[in-house]
Amino acid sequence: MGTQAQTTQDLGVAEASAANTASGNAQDGGPAALSDSSPAARIRALLAGTLDPTVVAQSLFDVPLHNEEAMRIETVRLRALRRSLQGAPLDCGDTEAKRRDTRESLTLPDAGLSMSDSEVMEGPQWKERQALDQARLDFYELPVKRRLVVLALHAQRVAAAVAAQQQESDAQRRIQQATAERQQALDAAKRARSEAERLVAEELARLLGIEQQLSVMQQGFDTRRAERQAARDVLLGWQRRAREARQGTSDDADKTYDSLRQTLRDARAALAIALDQVDSGRSQIPDLGPDPFAKWTSDISTDAVRKQRDVLEQSTKKLTDWERRDREERAADLMNAIDTLNRERLELLDYLSSSKRGAVTGFTGAGLDQARSELRHLLLVLRYHRHVSSRWLGSLQKPDIGLRSALWHILAVLVPWALVGGLYLWWRRRAPQALAHIEARVEQADREARLSKPSVVLQMVRFGIAIHVPVQRIALFLFLTWLIPDGSRALLEVQLLLVIAGWILTGGLVVGAINAVFEIESTTRADTGNASLRLRSLRLAGRVVVAFALILLIGDRLVGQGTVYRWIFSTCWVAAIPIFLVLIRWWRETVFQRVERVRRRSPLQRWVLSHRRGWASFAAATVAGVHLFGTGAVRLLQGWAARFGSVRRIHAYFFRRELDKLGAERAATTLDPLPADLFEQLGPDRVSTEWIEPLPQPVVADVIQRIQNRQGGIFAVVGARGAGKTTLLGHLGQQGRAALHVGCAESRGLDALRTRMLTLAGLAPTTSLECFGEWADDAEHGVSVVLLDDLQTHVATAMGGLEHFDQLMALAQRRSKHAVWVLAIDEFIWPFLRRARGTQPIFDDVIALAPWSEERIGQLLDQRTADTGLTATFEDLLEELPSNADELDRQDALRARQVAYYRLLWDHANGNPGIALHLWRIALRLDRDGIGHVQRLQTPPAAQLDLLPDPALFTLRAILQRSQAAATDVVLATQLRASDVADTLRYALARGYLVEQDGLVRVSWTWLSTVVRFLERRHLLVVR
């Protein structure tokens, strides 16, 4: 009881001190000099929330506290009185000289004061009156809401005091009654006529004495409960004071921090004592002792003793429970108090002065003392939660819980855990085989696609195989965590275990993921041979990082980010030094071997190899390891950045500028252009001999399945000119029993197209389209697929321009039960068709050809060049090599030039393989030995198009939308004058923008990419 009262007093000292400080001690004889019973001191106590509950707040003021107008008038009066006193020429000092000067000044005729007035102003009653006026003014000047809160808090304390007084009166009455009954029992013992009667009376008196002690203890429990409530109120006051200190100056924060820390230290000491009492288990409740009348044989009645003993046994049991709860509540309140005070202390750190904060958190004496306090705080927290855990475990073994209920609770937790664990073990045994089977199937798909390097899908599968073990563990951990009961999850020990396990498992996943990335990126035998060493190194680094992270997290959770936390956080980098030395020790031989494999060594590398033995080998391995790690990281970063199209385009731009500079410095060499036959073989209109698998599209697989099973359907292939529509149609035609491939661009009008279709099908020229469709869709003798290429030539962007397209689609819709119809349409006319007719249900699906990747375009160029039997060299684009370069250096440089040049073609062609092929063939020149020399890329200047008027731009757009068109088609689509269209065609043909064949014009391959980009920039062309 005394300890709890002392704790409450310790927590309240600083609050009362804060109130006295806020009262303004600038005046002599201020509140600090007044007694606690003075009205001014009581008003200060009212403001601080510590006024005696027996004092009525209204009695301290002259005006009604519910009358705002009266208080406002009193406020104005007190302010005026204070200003008049501050302006008076009197200085009520304590020295004799001041009093003599005052008396002389008071004798002046116009002074207005006599010597007796001066003596009154120097007296203690005058000062007390001044302090009272100042205290009342401070109360009146409070905001209305704050004033109402102060009065409400005092009213609550008054009500609590009245209730406590009532309880105390009841307890005193019980004590007095027990005392009287005990005295009666003692008197009866003295008057007893026999020894048996005396024994009965003495036992009854003893029991009544114990009852008196129990009543006193019960009163003590009630008192301590009230004291704990008062301590909670004081704790709220500390929170308010800390909040005000954070809003004030750094000096206020420094003073509050010191006071707060002293209060926190006292609270920790009280908690240690409370935990000692809880852990001891010794009860202060008096023991009733053995029943002396258990084997009583006398005729003397012991009913009164037995009745009193039964009452005391119940009271003892009740008070024992009260005592246990009182100790636990006291420990819980003190635990909450030190947590709250410590949190407020930590929040004050950022508001302290720089010198104070540096002393508290730095490696100083004050910092060391603070660290010891935080460690003690940590021990108290762990000790308290150990008690909470023990109490929770004990609650599971309560005798009032039936065996069936206990077993049910245990099974409710263990059975789901067992099921999840069994499922985890089952999958863990079968996961390697299942994942290996998936990897084998993806590898087979890559081999069938003839990819030069693993596909993204295969890389993702291998990445998943590499990290599947930690992923399985994390999944198991999450399931088990989800199954933990809420009551168990709230325990601090369980939370800490979950945090530790979570970080360890996450660290294992991160280490596995990093190792998997290196496994996928590694391409040499040396990299794969050091896989175990790399994994061990990553695990070492991961364990150190997880260890420091757990120390910081657990410290933050238990103590907060105080001095110890900042010490660890600021010095954790020191641990990197021994870790780095250990890694160098492990990798030393590997580093030397890698440096030794370098073909052309730098001076630094030669120095490293010259110090492979002796004490300097460690320093040499360190230097070489840092160099290898840096260069490897740069290469890895470059490879990662090269995956982004924007980065590759920037690289292509700088490579073009480099080639332009190189061409300006070198003299032109005499080389011959490609012969017509080679030029034609490399052209985009020639189909490749080998099929290059496009990007995986489920639609293509669905079309092939329909062709092979003769399930019918209508599909559209949308792509730019040169994107591979014709090649894809040829590939689809090879999938079925029979195919009919019709080029729509070779026919003018629907009748011409019908005639060509009948000719290719071997039918009579007079056969109608409906009969052709019936023949093609025949279940036994029909074709598997009808391929219509360049269908955009039969579409006009004008009124009635979709007549032929609608007739063909109507035929396909009627005759596509068994035959698959595939229509290739240019992407420049596709937006018009989509807006006019939509995509579904007119088509079952649409195959959109995406731009080719840089790798696929390079593969196409190499394949087409090899088909012609031509050998291409990049020697003319090679910069001058160093004098000590050998043939291997030269081949590496040529390979780098080849990759950069293919990237340049890919960038200018915007992923269009047809344009890239055309640019490739015009860049080749033959020497006398028939070797093709790759020349600098020559692209047409787009600035010429800026000079064209709008009618010319509309003409170019109309030609692009139909791929090829006649002058009349352009006039119909643009509604321009025929003379304007004719002038534009003449000008464009002369400049090379267009080429003419069989009376039809189309944009040349040389200008195609430039024209498309220009029209897109002018918002005259919308793709898809």
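## Reading a predicted model: salt bridges, burial and surface

Modeller: R246, E344 and E347 are joined in a network of salt bridges. The model in view is predicted, and this network is a suitable place to begin.

Biologist: What is the general idea behind such pairing?

Modeller: Side chains of opposite charge can pair when their charged atoms come close. In this structure the count comes to 33 salt bridges.

Biologist: Where does E344 lie, and is it buried or exposed?

Modeller: E344 belongs to helix α10, residues 303–348. Its relative accessibility is 7%, and the limit for a buried residue is under 20%, so E344 counts as buried. Leaving aside residues up to four places away in sequence, E344 touches Q239, A242, R246 and L260. R246 thus appears both among these contacts and in the network.

Biologist: Which parts of the chain does the salt bridge between D138 and R44 link?

Modeller: The side chains of D138 and R44 meet at 2.6 Å, N to O. The pair links distant parts of the chain, with D138 in helix α6 (residues 124–140) and R44 in helix α2 (residues 39–48), 94 residues apart. D138 is buried at 16% relative accessibility, and R44 is buried at 5%.

Biologist: How many residues apart are E658 and R897?

Modeller: The side chains of E658 and R897 also form a salt bridge, at 2.6 Å from N to O. These residues are 239 apart, E658 being in helix α23 (residues 645–665) and R897 in helix α32 (residues 887–909). E658 is partly exposed, with a relative accessible area of 28%, whereas R897 is buried at 8%.

Biologist: What is the distance between the closest N and O atoms of R612 and E589?

Modeller: In that salt bridge the closest N and O atoms are 3.8 Å apart. R612 sits in the loop between α21 (603–609) and α22 (616–641), and E589 sits in helix α20, 23 residues away along the chain. E589 is partly exposed at 38% relative accessibility.

Biologist: Let us turn to helices. Why do the buried residues of α28 line one face of the helix?

Modeller: An α-helix has 3.6 residues a turn, so residues three or four places apart point the same way. In helix α28 (residues 769–776), the buried residues are L769, F772, G773 and A776. Viewed down the axis of α28, these buried residues fall within an arc of 95°, so they line one face.

Biologist: What covers the buried residues of α28?

Modeller: The cover includes the strands β3 (739–743), β4 (785–789) and β5 (820–826), together with the helices α27 (749–761) and α29 (803–814). C771, by contrast, is partly exposed at 41% relative accessibility.

Biologist: Which residues form the nonpolar patch on the surface?

Modeller: The patch consists of W573, V574, I577, F580, L581 and V626, with about 560 Å² of accessible area together. Helix α20 (residues 576–596) gives the most to this patch, with 3 residues. F580 lies in α20 and is partly exposed at 35% relative accessibility.

Biologist: Is W587 of helix α20 buried or exposed?

Modeller: W587 lies in α20 and is buried, with a relative accessible area of 19%. Apart from residues up to four places away in sequence, it touches N530, L533, R534, S537 and R594. The C-alpha atoms of W587 and G625 are separated by 8.0 Å, although the two residues are 38 apart along the chain.

Biologist: Which loop holds Q975, and what is its phi?

Modeller: Q975 lies in the loop between α35 (967–974) and α36 (978–991). It has a positive phi of about 60° although it is not a glycine, and it is exposed at 63% relative accessibility. D998 also has a positive phi, near 55°. D998 is in the loop between β10 (994–997) and β11 (1000–1003) and is exposed, with a relative accessible area of 74%.

Biologist: How many disulfides does the structure hold?

Modeller: A disulfide is a covalent bond between the sulfur atoms of two cysteines. The structure holds 0 disulfides.

Biologist: How many helices and strands does the protein have?

Modeller: There are 37 helices and 11 strands. Of the 1024 residues in the protein, 40% are buried. The protein exposes about 56300 Å², and carbon and sulfur atoms supply 57% of that area. Among contacts between residues at least 6 apart in sequence, 76% join residues at least 24 apart.

Conventions
Residues are numbered from 1 along each chain as its sequence is written. This is a predicted model: local features need pLDDT of at least 70, side-chain atom pairs count only at pLDDT 80 or more; totals for chains, interfaces and linings use all residues. Side-chain values use heavy atoms; hydrogens and water are left out. Buried means under 20% relative accessible area, exposed over 50%, partly exposed in between (1.4 Å probe, protein chains only). Helices (H or I, at least four residues) and strands (E, at least two) are DSSP runs, numbered from the N terminus. The arc is that of the directions from the helix axis to the C-beta atoms. Contact means heavy atoms within 4.5 Å. Patches are made of residues with over 30% relative accessible area and no salt bridge: like charges are joined within 9 Å, nonpolar side chains (Val, Leu, Ile, Met, Phe, Trp, Tyr) within 5 Å. Accessible areas come from the Shrake-Rupley method with a 1.4 Å probe; for residues, only the protein chains shown count as cover. A salt bridge is a side-chain nitrogen of Lys or Arg within 4 Å of a carboxyl oxygen of Asp or Glu. A disulfide is a pair of cysteine sulfur atoms within 2.5 Å.
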